[in-house]
Amino acid sequence: MRPSLCLLLLPVFACASEPPPKPVYSTAEAMPHDELVARHTPHGGGHHGHGGPLVHRFEKAEDWAKEFDDPARDAWQKPAEVVAAMRISPGMTVADIGAGTGYFEPHLARAVGPSGKVLALDVEADMVRYLRERAAKEKLDNVEARQVGLADPGLGQGTVDRVLIVDTWHHIDGRKDYAAKIKDGLKPGGLLVIVDFTMEATKGPPKEHRITSAAMIAELEAAGLKGEVIQETLPDQYIVIAKKP
Ligand SMILES: C[S@@+](CC[C@H](N)C(=O)[O-])C[C@H]1O[C@@H](n2cnc3c(N)ncnc32)[C@H](O)[C@@H]1O
């Protein structure tokens, strides 16, 4: 790493003699520095490592697709198990926040069926472009891709049965306020399902940007959602499910 880039990335990566654990997706090192929007929020709740949320850009969807849609991912991401845990019924409306390249969309589209709806939401315009093209190509007629703001998933009040957030919660800043917006968007009894990396996992973001399940539940409860860790067989991640009362 060039010294200047090292300095630039200091808030995100320690740049110490010991390299950070290899993220599952390429990170800031792969990005031109002007694409990096890394913010350091040292007091981000005090529940995770030192770094706070890892806020950075995910442009160039085709590049990310190589990692997000790598067929080898299925072995550890276990999308069928994740979607089963969401207890989706046909006809439901499901929002996938931080949908990326749409890895979960075929699974969610099948679960809600033709009478249901999948809202594939992402902050990145290029991801949304890719999601739309993917939905058309794969004939996922019940998937609607939308670009959303960093701090607001833009859900209509009480309109959504399920919200899925995979490998994305640790990227979100101001999570308590964000959780409150999700709560507003959920129907009564609706579920928020979050999948993220454990502290012990050998893949995932640098450890200082990870969040424990206990810290996540505290953030959700502060927003009025009752969360719990569920039993699963994912090797590197945990699943938290929170219910809107
Ligand atoms: C690591 S990727 C995960 C993609 C997808 N969930 C998956 O499992 O393949 C994180 C995605 O979340 C998006 N993202 C980051 N912060 C976001 C926010 N505040 N709101 C919506 N999307 C966000 C990024 O643009 C990126 O596409």
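1. Which helix and which strands each supply at least two residues of the lining of the largest pocket? In this predicted model, the elements that do so are helix 2 (61-68), strand 1 and strand 2. The space in that pocket comes to about 610 Å³, and its lining is made up of 35 residues, with Phe 58, Gly 98, Asp 122, Thr 168 and His 171 lying nearest the centre.

2. For a general orientation, the protein has 8 helices and 7 strands, and 51% of its 245 residues are buried. When contacts between residues at least 6 apart in sequence are considered, 73% of them join residues at least 24 apart.

3. In soluble globular proteins, nonpolar side chains tend to be buried together. The largest nonpolar core here has 30 residues, and the members that touch the most others are Ile 88, Phe 104, Leu 108, Leu 164 and Ile 239. Two or more residues of this core come from each of several elements, including helix 4 (79-85), helix 5 (105-112), strand 4 (160-166) and strand 7 (237-243). Another core lies apart from this one and has 27 residues, Val 163, Ala 179, Ile 217 and Ala 223 being among them.

4. Phe 104 deserves a separate look, and its contacts beyond four places in sequence are with Arg 73, Gln 77, Pro 79, Val 82, Val 83, Asp 96, Leu 164 and Val 166. One of these partners, Asp 96, belongs to strand 1, which covers residues 93-97. Asp 96 is buried and yet has no salt bridge, since the nearest side chain of opposite charge, that of Arg 73, is 8.6 Å away, whereas a salt bridge needs a nitrogen and an oxygen within 4 Å. Residues up to four places away in sequence being left out, Asp 96 touches Phe 104, Glu 105, Leu 108, Leu 119, Ala 120, Leu 121 and Leu 164.

5. Side chains of opposite charge can pair when their charged atoms come close. The structure holds 15 salt bridges, and one of them joins Lys 66 to Asp 63, with the closest N and O atoms 3.7 Å apart. Both residues lie in helix 2, where a separation of 3 residues corresponds to about one turn of the helix. Lys 66 counts as exposed, at 62% relative accessibility, while Asp 63 is partly exposed, with a relative accessible area of 42%.

6. A further salt bridge is formed by Lys 117 and Glu 144, whose closest N and O atoms are 3.2 Å apart. Because Lys 117 lies in strand 2 and Glu 144 in strand 3, this pair ties together parts that are 27 residues apart in sequence. Lys 117 is partly exposed at 30% relative accessibility, and Glu 144 is also partly exposed, at 27%. Glu 144 meets Arg 146 in a salt bridge as well, at 2.8 Å from N to O, and Arg 146 counts as partly exposed at 30% relative accessibility. Elsewhere, Glu 62, Asp 126, Arg 129 and Glu 133 are joined into one network by salt bridges that share partners.

7. Is Ala 222 buried or partly exposed? Its relative accessible area is 46%, so Ala 222 counts as partly exposed, and this residue lies in helix 8, which spans residues 213-222. From C-alpha to C-alpha, Ala 222 and Ala 179 are 8.6 Å apart in space, although 43 residues separate them in sequence.

Terms used
Residues numbered from 1 in each chain as written. Predicted model: local features only at pLDDT ≥ 70, side-chain atom pairs only at ≥ 80, totals over all residues. Heavy atoms only, no water. Core = buried A, V, L, I, M, F, W, Y, C linked by side-chain atoms within 4.5 Å. Buried < 20%, exposed > 50% of the residue type's maximum accessible area, 1.4 Å probe, protein only. Helix = DSSP H or I, 4+ residues; strand = E, 2+ residues; numbered from the N terminus. Contact = heavy atoms within 4.5 Å. Lys, Arg positive; Asp, Glu negative; His and termini not counted. 1 Å grid on protein atoms, 1.4 Å probe; cavity = no way out; pocket = protein on both sides within 12 Å on 5 of 7 lines; lining within 4 Å. Points joined across faces, edges and corners; volume = space filled by probe spheres on them.
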